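Good morning, colleagues. Please turn to the structure on the screen, and I shall take you through a few of its side-chain and helix contacts.

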Amino acid sequence: MTNAALGKAATTFKALLKGYRVRANLTQEELAEGSGVSVRAISDMERGIAKSPQRRTIEALATSLSLTDEELTSLQKVARQGRAQPVAAPAPSGIYDSPLIGVLPTDVDDLTGREGDLDALRALSAGLCDGRRRAGRVAILSGPPGTGKTTLAVRAAHNLAAGFPDGRLFLKLRGMSAEPSNPADVLHLILRSLGIDAVRIPADPDDRASLCRSLLQDRATLIVLDDAADEAQVRPLLVGGPRCLTLISSRQMLVGLEGASRLPLDVFGEEDALALLSSIVGASRVSRERQTALELVTLCGRLPLALRIAGNRLASRPTWPLARLVDQLRDRSRRLTTLTAGDLDVRSVFELSYRQLSPNAAAVFRRLSLVPAADFSVGAAMTLVEAADEDDAAVFLEELADASLLQTSPENGRYQFHDLLRVFATERLAREEAPEVVEAAENRLADWLVRTATAAGRYFHPTDGVSPPPVATSSFDDHSRAGRWLEVELKNWLAAVKNLAARGGHRPVLDLAESMHWYSEIGGTANTWRDVFALAVDSAVAIGSKRDEAVHLNYLAWVQSSLCDQAEESVEMARRARDAAEEAGDRREQGWARVYLTSAHARDSSLTTSPKLFDEAARLFEEAGYPLGVHVARTMRASYWYRNGRFDDAAEEFDTCVRYFAQEHGGSRTPVDDTNYAYVLLRSAQNLAALDAIDRALSHCETALDLFRRHGAGMGQARALQESGKFLRRQGDHENARRRLTEAEEVYERIGLTQAQIDTLCDRASLSEEMGDPASAREDRERALGLCDRLGRSEGGKLREKLADRLNAS
C-alpha cells in the first residue's frame with residue numbers, strides 16, 4: 001500500500017500506527033525494543049484502548065517506523081483529536097471549572113507494572129450488567145503514598161470508557177488536605193454534572209444522595225473518587241446504579257467499607273521498575289548501565305513516584321550517566337531531597353499522610369526508624385514509646401497501617417517500612433525529638449531485644465539434670481515460639497547486643513551469649529555466632545571474669561571448628577579457654593576445652609590428637625557432676641577409635657552413648673536433646689558402615705534426619721543427608737544417593753559451610769563417574785574448585801591443588 005493510500009484508509013490513530021508498523025515489517029516486540037515504548041503500550045494503542053498518546057511517545061515510535069515529517073505531523077494530529085472527548089453527561093456551562101470535579105486527567109503513556117490490577121478492574125467492569133445488583137460495584141485502590149493510585153484509576157477510566165457511554169466523573173475529595181471535600185458539596189456537583197439546575201438541588205445531603213441514585217439508576221457511568229479521606233466521606237458518595245462502577249483511590253485502606261473489591265497497590269517488582277525507568281529515559285540508556293540502573297531502582301525503593309522523579313531528572317540531563325544520580329541517592333541524609341523534580345517531591349507526598357496521624361501514632365512512626373532490621377513486632381513499638389501494653393501499641397501500628405505508612409510483614413503479627421518511608425521517619429525523628437530522648441528510646445529497644453533473646457535462647461538448653469529449666473515469658477511459652485522469635489528477630493537482637501557491648505553492658509552480653517550456645521547448633525549462621533561469642537569474650541575480659549572468658553572462648557572454638565572450617569584457629573581458642581578455665585578453677589569448662597581441642601584436631605589431618613584428652617575430659621566432667629559432658633566426651637572417644645580402625649570398641653562405646661541421649665533426664669525433651677541424640681546417631685552410623693552394617697547405618701541416618709528436620713537444624717540436616725547419600729551409593733542406589741547429596745550441598749551452601757559443601761560436591765562427582773556421567777562429574781569439581789577461594793589460604797590452597805590434579809586427570 002502506498003503512503004497516500006495508507007493515509008486515506010486509516011483515519012484513526014490505531015489504524016495509522018498498525019499500518020506504519022506493518023509497512024516497516026516490524027513486530028510489536030521489535031518496535032518496542034527500537035523505540036523504548038513498552039509492548040503493552042503499543043498493544044493498547046493498536047487496539048484503540050490508548051487513543052491519544054503523548055508527543056514524546058509518538059516521536060519515539062516515529063524514529064523506529066522511519067516516518068516522514070508529513071507522516072509524523074499527521075499521526076500527532078490524529079492523536080490530538082483523540083484527546084478531545086466528552087467526559088460526562090452534558091452539564092451546565094462552567095461546571096468543570098469546579099475544584100472538586102473536572103475533566104478526566106490525561107492518561108500517562110508510560111504506565112507499567114499494573115497490568116494485573118487493570119485486568120481485575122476490566123473483569124469487575126464486565127460483570128456490571130448481571131441484572132441482579134441493586135447498586136453499582138465499588139473498587140478501592142489503596143497503598144502507600146507515591147504508588148500511583150490516581151494514575152491507575154485514570155488509566156482504568158480511559159481504558160474502560162467504551163463500557164460507560166453515559167460518561168465518566170472525576171471527583172477530587174482532597175482527603176490529604178487540611179479541609180477535605182464535604183460530601184454534600186460533592187453530591188451537589190454530581191447533580192449539576194448530571195444536568196440538574198442548581199435551584200432544584202435539595203438542601204438535605206440524604207435527599208441529594210437519593211436524587212443521585214435515581215438519576216444514575218439506569219445510566220452506565222464510571223465515577224472516580226480520588227484521594228478519599230475516610231469511610232465517612234465516601235459512604236454518601238456511593239450513589240452508582242447497577243450499571244455504574246466507582247473507583248476510589250485513598251492512602252487509607254477504608255476497611256470499614258463493606259462489599260467493595262480491594263486492590264492494594266505496592267511498589268513495583270524489579271523488572272517493572274526498570275521498565276518504567278526505560279520508558280522515561282530510554283531503553284538503550286538503561287541497558288548500557290543495567291547494573292547501575294538496578295541499584296537506582298533499589299535506592300528509589302521501586303516506588304513509582306520516586307522512579308518517575310529520578311527518570312525525569314535523568315531525561316532532562318541526557319549527558320548524565322546513571323551513576324551520577326546513584327551517587328547522590330546513596331547518601332541517605334540527602335535521598336529525599338534528591339528525589340525532587342519540579343513540583344514532584346517525594347518528601348511532600350509523605351508529609352501529607354504524616355500530618356494526618358494522631359500524636360501517639362506519629363511518635364511510633366518516627367521511633368520505629370530506630371529498629372535495625374526491615375521489620376518489627378508490636379513489642380518493639382511498645383518499648384520505643386513506653387506504651388502500657390502491647391494492645392495499646394498495636395492500636396498505633398494499625399493506625400499507621402491503615403494510613404499506608406506501614407505495611408504488614410509476611411511474618412504474622414509484624415510490620416515493615418517502605419525503604420523511603422523509613423528515611424522520612426528518620427528525618428522526622430531528628431527534627432522533632434531531642435537527642436537524649438532518641439538515645440533513651442534506642443537504649444530501651446536494645447535492652448528489650450537482648451533480654452527477650454536471652455530468655456528465648458534458654459529454651460534450647462538440654463535437660464541434663466543440671467541446667468535450670470527456662471522460665472515462660474509473655475512473649476512465648478514454648479521452644480517453638482521462642483525459636484521462631486529468634487529467627488525473625490535475628491538482625492534486630494544481633495544489632496542490639498552490639499549496641500549494648502559498645503555502651504558497656506557486659507553482663508547482659510555475657511548472659512545472652514551463654515544462653516545461645518545450644519541454639520547456635522539449630523539457627524543463625526557462622527557469622528552470627530562468631531560475632532556473638534567474640535563480643536562475649538571481650539565483655540568477659542572487660543569485667544575480669546576468667547570463668548566467663550573460658551566459657552565463651554570454648555564457644556568460639558566450636559564456631560571456628562564446626563562452622564568456619566578453621567581448625568588451627570579453633571585449637572588456639574580451645575587452648576586459651578583451657579588456660580582461663582584452669583585459672584578460674586572451673587572443671588566443667590576445662591572439660592569442654594579438651595572436647596573442642598579434640599574436635600578441631602579431627603578436622604585437620606595435619607594435627608594429632610592425644611587419646612588422653614578424651615579421658616581427661618570425661619574425668620573432669622565426672623568430677624564436675626555433669627553427666628551430659630561425660631557422654632559427649634565418650635562420644636568423641638568413640639569417634640577417635642572409629643578413625644583409627646577400632647570399629648568394635650567404637651561400636652560398644654557408641655551404643656552406650658546412644659542409649660544415654662535417647663533417654664529423658666528430667667523435664668520434657670527440648671530440641672537440643674533431640675539434636676544431641678541425632679548427632680550421636682550420625683557418628684554411630686559412620687562406624688556401623690565401617691562394620692558393613694549399612695542397613696543399620698541408614699536407619700540411624702534416617703532417624704537423625706527426621707529429628708534435625710523437626711527442629712530446623714540446618715547443619716545437622718546437611719550432614720545426615722550427606723552420610724545417607726554415601727551409604728545409598730554403597731548399596732548401589734545411585735539415583736537416591738544423588739538426590740540426597742544434592743540436597744546436602746544446597747543446605748551447606750545456604751548456611752555457609754564451604755568446606756562441607758566442597759566435600760559434598762566431590763562425593764557427587766565420584767558418584768556421577770560411577771553412573772557414567774563424566775560431564776556432571778567435571779562440572780561439580782569445577783564448582784568445588786571455585787569455592788576454594790572462600791577457605792583460608794592454607795586449606796584452600798591444598799584443596800585447590802588436589803581438585804586441579806583430579807580435573808586434569810579427567
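**Ring and helix contacts**

I begin with a charge over a ring: the charged end of Arg317 sits over the ring of Trp320, at 5.0 Å from its centre. Please bear in mind throughout that this is a predicted model. A second arrangement of this kind involves Arg588, which lies over the face of Tyr626, 3.9 Å from the ring centre.

I turn next to pairs of aromatic rings. The count for the model comes to 21 aromatic pairs. Take Tyr642 and Phe647 as one example: their ring centres are 6.1 Å apart and their planes stand at 45°, so this pair is classed as tilted. The tilted class applies because 45° is neither under 30 degrees, as stacking would need, nor over 60, as edge-to-face would need. As for exposure, Tyr642 is partly exposed, at a relative accessible area of 25%, and Phe647 is partly exposed, with a value of 25%.

Elsewhere, one aromatic cluster is formed by Phe350, Tyr354, Phe365, Phe376, Phe417 and Phe424.

Finally, I come to a pair of helices. Helix H14 spans residues 290-299 and helix H16 spans residues 322-329; their axes come within 9 Å and cross at roughly 35°. The crossing of H14 past H16 is left-handed. Which residues of H14 meet H16? From H14 they are Thr292, Ala293, Glu295, Leu296 and Leu299, and they meet Leu322, Ala323, Leu325, Val326 and Leu329 of H16. By character, the residues of this contact divide into eight nonpolar, one polar and one charged.

Definitions and conventions: Residues numbered from 1 in each chain as written. Predicted model: local features only at pLDDT ≥ 70, side-chain atom pairs only at ≥ 80, totals over all residues. Heavy atoms only, no water. Phe/Tyr/Trp six-rings, centres within 6.5 Å; stacked < 30°, edge-to-face > 60°. Buried < 20%, exposed > 50% of the residue type's maximum accessible area, 1.4 Å probe, protein only. Lys NZ or Arg CZ within 6 Å of the ring centre and 35° of its normal. Axes fitted to C-alpha atoms, helices over the stretch in contact; angles between N-to-C directions. Helix = DSSP H or I, 4+ residues; strand = E, 2+ residues; numbered from the N terminus. Left-handed = near helix turned anticlockwise from the far one by under 90°. Contact = heavy atoms within 4.5 Å. Nonpolar A, V, L, I, M, F, W, Y, C, P; charged D, E, K, R; others polar.
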